[in-house]
Amino acid sequence: MILLDLNGTWKLQEFDPGAGVPDQAFAPTYDDSDWLPAEVPGDVHTSLVAAGRLDPPFYHMNVEKCQWVERREWWYRTSFTGPDPGDTDRHFLVFEGLDTYATIYLNGEEIGSHQNMFVPARFDVTGKIRPGENNVLAVRFDPVLERIGGREVPGQWAGYGPERVWVRKAQCHFSWDWAPRLVSVGIWREVRLEGFRSARLKDVFFRTEEIAQDQARVRVTVDVEAWSATEPLTVQVCMSRESQSIAAEVPLIEGMAEVVLDIAQPALWWTHDLGKPALYDLRVSLRAGDETLDTHQERVGIRTIRVDQSPDPEEPGTKFFTFVLNDVPIFAKGANWIPADSFISQVTEDRYRELLELAVEANMNMLRVWGGGLYEKPAFYRLCDELGILVWQDFMFACARYPDYDPEFYAEVEREAELVVRRLRNRPCLALWCGNNENDWIEDIVYWQEPGHDFPGRKIYHELLPRIVAELDPTRLYWPSSPYGGNDHNDEREGDRHNWQVWHGAIYPRRFGEEPKRDFSPAGVSFRHYAEDPARFISEFGMHAAPILETLRRNVPPEELYFGSEGLLYRNKDYPKDKGNNLMLAHTGLPKDLNQYIDFSMIAQAEGLKFGIEHYRRRKPHCSGTLFWQLNDTWPGLSWSVLDYYAFPKAGYFYARRAYAPVMASFKREDDGGYSLWIVNDTLEAVTDEVTWGVADFNGTILHQETIEVTVPANRSQCVAGIVADQIPGDPRQTYLFVRSGQGRFPDNREFRVEVKDLIRPRPSLTVGMTQDEETGRITVRIRSDVYAYFVKLVVPIEGTRFSDNYFDIFPGEERVVEIWNAAGRAISPKDVEVSCLDGA
């Protein structure tokens, strides 16, 4: 049990590297009266900002002013009155997160050290706490480079600070192509003092063994550490939900207990799009007679998950890569998740909730926790459980060779993996363990003339991690890397793929032993290449887009707020800095000013995501998932995210939300220049609808129209209509294809026959009316247009503002009604709402 919570305001001071110990900074009598206040959980950078010692890192180029922080030695200190231990006879000091090379002192005595940001540090302090007296706790953080500087991995090809591979810390802290170098340091998670008598619960493993028609069998395995128990111990397990409860009690045998429960009429855990993510309360009690020594409580879900990799009979030579939830094949719709802040201690549960709720509202059912960040805080996984979001979980290795030949490093990785698997394996949201991000793939690209060669890190992904997962969590697939599978780790015929033909100019297909090639021309990076991709599961693809102007205003000086300025380009960490120009050249044309850049980059990203997602979803079941790069941001930069640092959605967010709708209609351009109309139904029931589709011009004249009755079976993609090229009326530059649902089963959609830059459209005249509900504060916006209005956007520069829809087109004469509210409770008014669209040619 928790004897004392040690979170709150500590004290912080810097020293020259190696100077703190000679200065006796650990001693209880040391005078720390002039030290800075520092919140725990927290970090050094944000503490320095709060104290006025450091300029806000994200503004302009202040990141460069922060680099000295990582080169200093930092000490935290706090004092506390020792709690009454009661009848407890064993005490532990627990740090849930230390970033990163830490040495801990209690009452002047060094009690241990820690060198891994990702896992807790637990120290036995039995007999070292002074009850009722003052106790002093100090933590020294050594500079990372002092510990790893100068160490190299032979043949290393990693960018973004290659020294990072030696330290078990978020790799993106050393910079990435969407993040600046901000090597954080500090006590980034909670601190507490625990006390136990005789024994404690060491580990609890819950898993679903079988689901029958009206019953489920679950197994709970309990590991106990006992040291002074004088009577037999038992373990009691209770599962309950609403009015249902079932319990069992078994004796402890050699430190272990196992309970099997049969749950009648179980409520299954589903992703939010397929059902309810039902959760049960699990309570495990360690008992000695009638006395409870320790308890463990968490919420668990009854569900099964596997990945179907059987041969695809309709596409010979290929294999499925399909997640199967409760025996139902699903199409994974989602994005990649990166740390929500460069300073991870600052990510609160409210911030997790905001981002994850936005993912759910965008019809996402899976997120990939990317391998260059971190294993997220418990709140992230708990919210994914509650919201019905599956998680593809990478182990924390990304884009580098790692020193698996070093015994100390290898042992630390082994300890980390065991702790992480034990921590996360009970989560119903967790769908898959993945060994690394792109290490196998890039290794083969760099050393393409040596296919199949061994390399530093391979032993971790192909021997250590699969063994640990098999031993500790046999309920889930272990996947060695992402991408992985086939002849080329990025093979389109099996496994998962990262499609970086778009944006990065890669040329596909490629096979082992072939030299990698790239085409950075506008045609080479065009998102039209998605239509050529027959891959099975796309776990990365995407394009840059600017955030809204408000985000830039907050972080770029006024004199730098213009397209192409040094201050604006500093927000972009990809190279070359003008890479996005070729994508815009292909689809929108180059912008002339900042406002146009924001619009054009957003359009290129949004139209590209729409085009790609529609293509991959039409290929269901041959393709079974799209996780685009990326959902969120670590700082207010120019990146691939669809939600910027402040969670302001970009256009791509709303385009993806519509493309991820449970039922989706889209047009496919055929080889002869004609189009076929497809409806994808991801629901578990057949969809019957009256569908109207056709061709119109931008002035509102219907040139061709048909209304058809369609029925699409459950969980299927189906072609329902088509038109050959020579039957499509009108000038391609002045017309578009459209489709509508008669029963509102899917969002309206349209298809342009030429690129946006080549459209010839009349200039729209928008009519906008707004009303606000005095009681709820919700704003209703009604928008009409005389002609086709493209890229209609509503901007409210207040965080937490939500829109029922945004960044859409309005057909001639149509009225669109948009509801606006603020989920964070901040006041908004009609004067805060700016409505506009892209002018016609």
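These are my notebook entries on the cavities, the largest pocket, the aromatic pairs and three single residues of a predicted model.

**Entry 1, cavities.** I searched the whole structure for enclosed space and found 9 cavities of 30 Å³ or more. The largest cavity holds about 150 Å³ of space, and among the 15 residues lining that cavity, Phe-527, Arg-528, Glu-607, Arg-750 and Phe-752 come closest to its centre. I then looked up which elements give two or more residues to this lining, and noted helix H12 (594-618) and strand S39 (749-752). H12 gives the most, with 5 residues. Sorted by class, the lining of the largest cavity has 7 charged, 6 nonpolar and 2 polar residues.

**Entry 2, Ala-606 in the helix that lines the cavity.** I stayed with helix H12, where Ala-606 has its place, and asked whether Ala-606 is buried or exposed. Ala-606 has a relative accessible area of 0%, so I recorded this residue as buried, the cut-off being under 20%. Leaving aside neighbours within four places in sequence, I found Ala-606 in contact with Ala-651, Gly-652 and Tyr-655. I also looked up the distance from Ala-606 to Tyr-807: the two are 201 residues apart in sequence, and their C-alpha atoms are 9.2 Å apart in space.

**Entry 3, aromatic residues.** Tyr-807 came up again when I turned to the rings, as one of the members of an aromatic cluster. That cluster also includes Phe-752, which I had already listed among the residues closest to the centre of the largest cavity. Other members of the cluster include Tyr-653, Phe-654, Phe-698, Tyr-736, Phe-738 and Phe-811. For the whole count I noted 65 aromatic pairs. I looked up the pair of Trp-479 and Tyr-484, whose ring centres are 5.6 Å apart and whose planes stand at 90°, so I entered the pair as edge-to-face. Trp-479 is buried, with a relative accessible area of 7%.

**Entry 4, largest pocket.** I next turned to open space, and the largest pocket holds about 1800 Å³. Its lining is made up of 46 residues, and those nearest the centre are Glu-96, Arg-122, Arg-192, His-296 and Arg-423. Which elements give two or more residues to this lining? I listed strands S14 (191-196), S15 (199-211) and S21 (291-300), together with helices H3 (349-361), H4 (378-387) and H5 (407-424). By class, I recorded 23 charged, 17 nonpolar and 6 polar residues in the lining of the largest pocket.

**Entry 5, Lys-579.** I looked up Lys-579, which lies in helix H11 (residues 579-587). Its relative accessibility is 10%, so this lysine counts as buried, since the cut-off is under 20%. The side chain of Lys-579 is joined to the side chain of His-504 by a polar contact of 3.0 Å. Apart from residues up to four places away in sequence, I found that Lys-579 touches Trp-503, His-504 and Asp-574.

**Entry 6, Ser-676.** My last look was at Ser-676, in strand S34 (residues 675-681). Ser-676 is buried, with a relative accessible area of 5%. What does the side chain of Ser-676 make a polar contact with? I found the side chain of Trp-678 at 2.9 Å. Not counting residues up to four places away in sequence, Ser-676 touches Ser-666, Phe-667, Lys-668 and Glu-670, as well as Cys-719, Ala-721 and Gly-722.

Note on methods: Residues are numbered from 1 along each chain as its sequence is written. This is a predicted model: local features need pLDDT of at least 70, side-chain atom pairs count only at pLDDT 80 or more; totals for chains, interfaces and linings use all residues. Side-chain values use heavy atoms; hydrogens and water are left out. On a 1 Å grid over the protein atoms alone, a cavity is a set of points where a 1.4 Å probe fits but cannot get out, and a pocket is an open set with protein on both sides within 12 Å along at least five of seven lines; lining residues have an atom within 4 Å of a point. Grid points are joined across faces, edges and corners, and a volume is the space filled by probe spheres set on the points. Helices (H or I, at least four residues) and strands (E, at least two) are DSSP runs, numbered from the N terminus. Ala, Val, Leu, Ile, Met, Phe, Trp, Tyr, Cys and Pro count as nonpolar, Asp, Glu, Lys and Arg as charged, and the others, Gly among them, as polar. Buried means under 20% relative accessible area, exposed over 50%, partly exposed in between (1.4 Å probe, protein chains only). A polar contact is a pair of N or O atoms within 3.5 Å; within protein, one must be able to donate a hydrogen and the other to accept it, and residues adjacent in sequence count only if both atoms are side-chain atoms. Contact means heavy atoms within 4.5 Å. Rings of Phe, Tyr and Trp (its six-membered ring) pair if their centres lie within 6.5 Å; planes under 30 degrees apart count as stacked, over 60 as edge-to-face and the rest as tilted.
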